[in-house]
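The following exercises are to be worked through with the sequence and the model side by side. Each task is followed by a solution in steps.

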Amino acid sequence: LLVLILGGKMKKILFIFLSTALLLTANISKAGDVTLFHDKAGWQDWWTETFAMDGNNSYEITPFSDTSSYQAAVRQSLRADPPGLFTWWAGYRMKEMVDSGLVEDLSPIWDKYVSSGEVSADLAKAFQFDGKTYAVPSLIAFWPMYYNKNVYKELGLSEPKTWEEMESNFEKIKASGRTPVGQTIEGRWPAFIWFEEFLIRSDPDFYEDLMEGRAKYTDPQVEEAFLTWKSWMDKGWMDDGSAAFGFTTGDSMNNSFSKGDVAHMLVGTWFASTVTGGGIAEGEEWGYFIVPNKDASMQPSVIFEAGPIMVAANAKNKDAAMDAIDFWMSKEASAKWTELMFFPPHNLGAALPAGEVGQLVKEINDGGYRQINRYWEATPTEICEAAVDEISKFVLDPSSYKDVMENLQTIADNYWSNN
């Protein structure tokens, strides 16, 4: 009635005011009983489509495009008005929240799915502290060796099944004038990639002990890893690490791989689209294999990384959030997420993604591979951030390995003596 009485400009203003109020009311009425904060804005539609399958809950999903803003928003909200669910970073990068009691123990949900054989117990290690599991995976990526099939075909090589076969391939690739293996320390963090790989190929138990402070960087197993790495570089089997990581043009490891100047590179499965973007076809021109163990009698293993989804301990609708996590771990949710994202499924009953990733996951599942958490998340952040700089020094000067080992142990001692 008021709109009819008022005329002209005032009528227009009031109409806008009422329309805005109605819009706000409509938005409020759609607010789900489970809220999700995430930092992958490009995934928004896929989050929405997957959670739309949950018949028990409705969802309000909020994306953040800037990592720093996201971290600040989550940290602030956890002590005030937290979301039910939020994404973060795994391993020790979530430990502060665990220690502060800000996130919920999800062990009962893990127990349900592990005991039924639907989910690998190894996967939980990425989110565990003191025997409790505090997250479920938003993504899983394995770290295989990418190999250029064009180079293999030209030289008559076969995918290696043993350490000796792999090194024999390297010799033939080097003799053809190519670099067998690419590596990079661009951005600091990639320095750990081959460090962890050489360690697990000889002694994965030692690697896990090292990550947790039960072993030392001055132990013989670390020296063996550095000496193997050094020998590969001395023989010209690896480049000097100076190229950029993944640009598809210019001086980059990925561009050299695409052209066949570099025959292998060790990268997470999330890098597949970048490799294909470099101009070579998945399956036809490039593929994966998992680096063989030095001792073929050892259980096969593979490095993985996982991104966590956590439940805020003080969430208003925590029961609904826990139910949402149960749904997320189901075969149905995992299958949809894999269909949309081409990630390896976290539920073993879900269909595998197509292409090279699907074949890789089948090999890991069928072969009983031990899944080992990536260095970046497996060891305390304070150690990792300093360690990659020391390991980079080794890549630039392989003769420095003994000094690097001592420096790495000093970094570890400084942390473990106070924690």
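**Exercise 1. Describe the chain as a whole and state which part of the model calls for caution.**

Solution. Begin with burial: of the 419 residues in the chain, 53% are buried. Next, take the secondary structure, which comprises 20 helices and 12 strands. The C-alpha trace spans about 90 × 50 × 45 Å along its principal axes. Then consider how the chain is connected: among contacts between residues at least 6 apart in sequence, 72% join residues at least 24 apart.

Finally, turn to confidence, since this is a predicted model. The average pLDDT of the chain is 91, and 92% of the residues score at least 70. Residues 1-31, however, have a pLDDT below 50, and this stretch has 7 contacts in the model beyond near neighbours in sequence. Where pLDDT is low, predicted coordinates should not be read in detail.

**Exercise 2. Locate the largest nonpolar core and list the surroundings of Phe86.**

Solution. The largest nonpolar core contains 134 residues. Within this core, Phe86 and Trp229 have the most contacts. For Phe86, set aside the neighbours within four places in sequence; the contacts that remain include Leu36, Phe37, Tyr70, Val74 and Leu78. Met97 and Val103 are also among them, as is the run Pro308, Ile309, Met310, Val311 and Ala312. As a general point, nonpolar side chains tend to be buried together in soluble globular proteins.

**Exercise 3. Determine which residues of helix α16 are buried, what they pack against, and what follows the helix.**

Solution. Helix α16 covers residues 331-341, and its buried residues are Ala333, Ser334, Lys336, Trp337, Thr338, Leu340 and Met341. These buried residues pack against α3 (44-51), β6 (136-142) and α15 (318-328). In general, residues three or four places apart in an α-helix point the same way, because the helix has 3.6 residues a turn.

The packing can be followed from the side of α15, the helix that holds Phe327. Phe327 has a relative accessible area of 13%, which is under the 20% cut-off, and therefore counts as buried. Leaving out residues up to four places away in sequence, Phe327 touches Ala333, as well as Thr50, Phe51, Met53, Asp54 and Tyr59. By contrast, the C-alpha atoms of Phe327 and Glu208, 119 residues apart along the chain, are separated by 31 Å.

Just after α16 comes Phe342, in the loop between α16 and α17 (355-366). Phe342 has a positive phi of about 60° although it is not a glycine. Most residues other than glycine have a negative phi.

**Exercise 4. Find another residue with a positive phi and classify its exposure.**

Solution. Arg188, which is not a glycine, has a positive phi near 75°. Its place is in the loop between β8 (179-182) and α10 (192-202). The relative accessibility of Arg188 is 32%, so this residue counts as partly exposed.

**Exercise 5. Characterise the two largest pockets by volume, lining and residue class.**

Solution. Take the largest pocket, with a volume of about 590 Å³. Its lining consists of 23 residues, and those nearest the centre are Trp89, Glu305, Arg374, Trp376 and Glu377. The elements giving two or more residues to this lining are β6, β11 (301-311) and α18 (375-378). The largest share, 4 residues, comes from β11. Sorted by class, the lining holds 12 nonpolar, 5 polar and 6 charged residues.

Proceed to the second largest pocket, with a volume of about 420 Å³. It is lined by 20 residues, and Tyr92, Lys125, Gln128, Glu212 and Ala378 are the closest to its centre. Two or more lining residues come from each of α5 (95-99), β4 (128-129), α11 (204-211), β12 (370-373) and α18. Of these, α11 gives the most, with 3 residues. By class, this lining has 8 nonpolar, 4 polar and 8 charged residues.

**Exercise 6. Place Asp205 in the fold and relate it to Ile372.**

Solution. Asp205 lies in helix α11. With a relative accessible area of 46%, Asp205 is partly exposed. Asp205 and Ile372 are 167 residues apart in sequence, and their C-alpha atoms are 9.7 Å apart in space.

Technical notes
Residues are numbered from 1 along each chain as its sequence is written. This is a predicted model: local features need pLDDT of at least 70, side-chain atom pairs count only at pLDDT 80 or more; totals for chains, interfaces and linings use all residues. Side-chain values use heavy atoms; hydrogens and water are left out. A nonpolar core is a set of buried Ala, Val, Leu, Ile, Met, Phe, Trp, Tyr and Cys residues joined through side-chain atoms within 4.5 Å. Buried means under 20% relative accessible area, exposed over 50%, partly exposed in between (1.4 Å probe, protein chains only). Contact means heavy atoms within 4.5 Å. pLDDT is the predictor's confidence in each residue, from 0 to 100. On a 1 Å grid over the protein atoms alone, a cavity is a set of points where a 1.4 Å probe fits but cannot get out, and a pocket is an open set with protein on both sides within 12 Å along at least five of seven lines; lining residues have an atom within 4 Å of a point. Grid points are joined across faces, edges and corners, and a volume is the space filled by probe spheres set on the points. Ala, Val, Leu, Ile, Met, Phe, Trp, Tyr, Cys and Pro count as nonpolar, Asp, Glu, Lys and Arg as charged, and the others, Gly among them, as polar.
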